[in-house]
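Morning, everyone. I have one structure to walk through today. Have a look at it first, and then we'll start with the cysteines.

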Amino acid sequence: MNIKILGTGCAKCHSLQKTVKEVVSELQIDAEVEEVKDMKKILEYSILMTPGLVIDEKVVLSGKVPNKAEVERIIINALAQE
């Protein structure tokens with residue numbers, strides 16, 4: 001699983017990244033979590049607001065920082081679709 005955090009490095013982006021890493025660790029998922037800060041690359045995903053959350057090249061969230069339970073639900077749903 002490949003998870004990308006789209007954002008310019010703001011506090012919300014860091015918060016989302018931290019939460020995603022915690023959930024991945026707790027669920028013991030084999031996932032690569034990367035931060036995408038390049039605006040050209042971020043715009044390729046057609047999101048209007050950051051932070052964005054992309055799982056296996058599919059945008060699953062943008063413009064808000066979800067709580068830990070929401071992140072867990074999003075990741076589990078993505079795993080179910082693999």
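A disulfide here is a pair of cysteine sulfur atoms within 2.5 Å. Keep that cut-off in mind. This is a predicted model, by the way.

So how many disulfides does a search of the whole structure find? Zero. Take Cys10: the nearest cysteine sulfur belongs to Cys13, and it is 3.1 Å away. Cys13 gives the matching picture, with the sulfur of Cys10 as its nearest, at 3.1 Å. The cut-off is 2.5 Å, so at 3.1 Å neither Cys10 nor Cys13 is in a disulfide.

Are these two cysteines buried or exposed? Cys10 is partly exposed, because its relative accessibility is 27%. Cys13 is buried, because its relative accessible area is just 1%. Buried means under 20%.

Now step back to Gly9. Where is Gly9 placed? It sits in the loop between β1, residues 2-6, and α1, residues 11-27. Gly9 has a relative accessible area of 25%, so it counts as partly exposed. Which residues does Gly9 contact, leaving aside neighbours within four places in sequence? His14, Glu35 and Lys37. Look at Lys37 in particular. Gly9 and Lys37 are 28 residues apart in sequence. In space, C-alpha to C-alpha, they are 6.6 Å apart.

Next, the hairpin. Strand β3, residues 52-55, runs antiparallel to β4, and four bridges join them. Val54 stands opposite Val59 in β4. Two residues lie between the strands of this hairpin. What is the phi of Asp56, in the turn? It is positive, about 50°. One general reminder while we are on strands: in a regular strand, side chains alternate between the two faces of the sheet.

Asp56 takes us to the last stop, the largest pocket, since Asp56 is part of its lining. The space in there is about 170 Å³. Which other residues line it? Ile55, Lys58, Val60, Ile74, Asn77, Ala78, Gln81 and Glu82. Both β4, residues 58-62, and α3, residues 68-80, supply at least two of the lining residues. The largest share comes from α3, with three residues. By type, the lining holds four nonpolar residues, two polar and three charged.

To recap: no disulfides in the whole structure, a β3–β4 hairpin with Asp56 in its turn, and a largest pocket that includes Asp56 in its lining. That's my slot. Thanks.

Key. Residues numbered from 1 in each chain as written. Predicted model: local features only at pLDDT ≥ 70, side-chain atom pairs only at ≥ 80, totals over all residues. Heavy atoms only, no water. 1 Å grid on protein atoms, 1.4 Å probe; cavity = no way out; pocket = protein on both sides within 12 Å on 5 of 7 lines; lining within 4 Å. Points joined across faces, edges and corners; volume = space filled by probe spheres on them. Nonpolar A, V, L, I, M, F, W, Y, C, P; charged D, E, K, R; others polar. Pairing = 2+ DSSP bridges. Buried < 20%, exposed > 50% of the residue type's maximum accessible area, 1.4 Å probe, protein only. Contact = heavy atoms within 4.5 Å.
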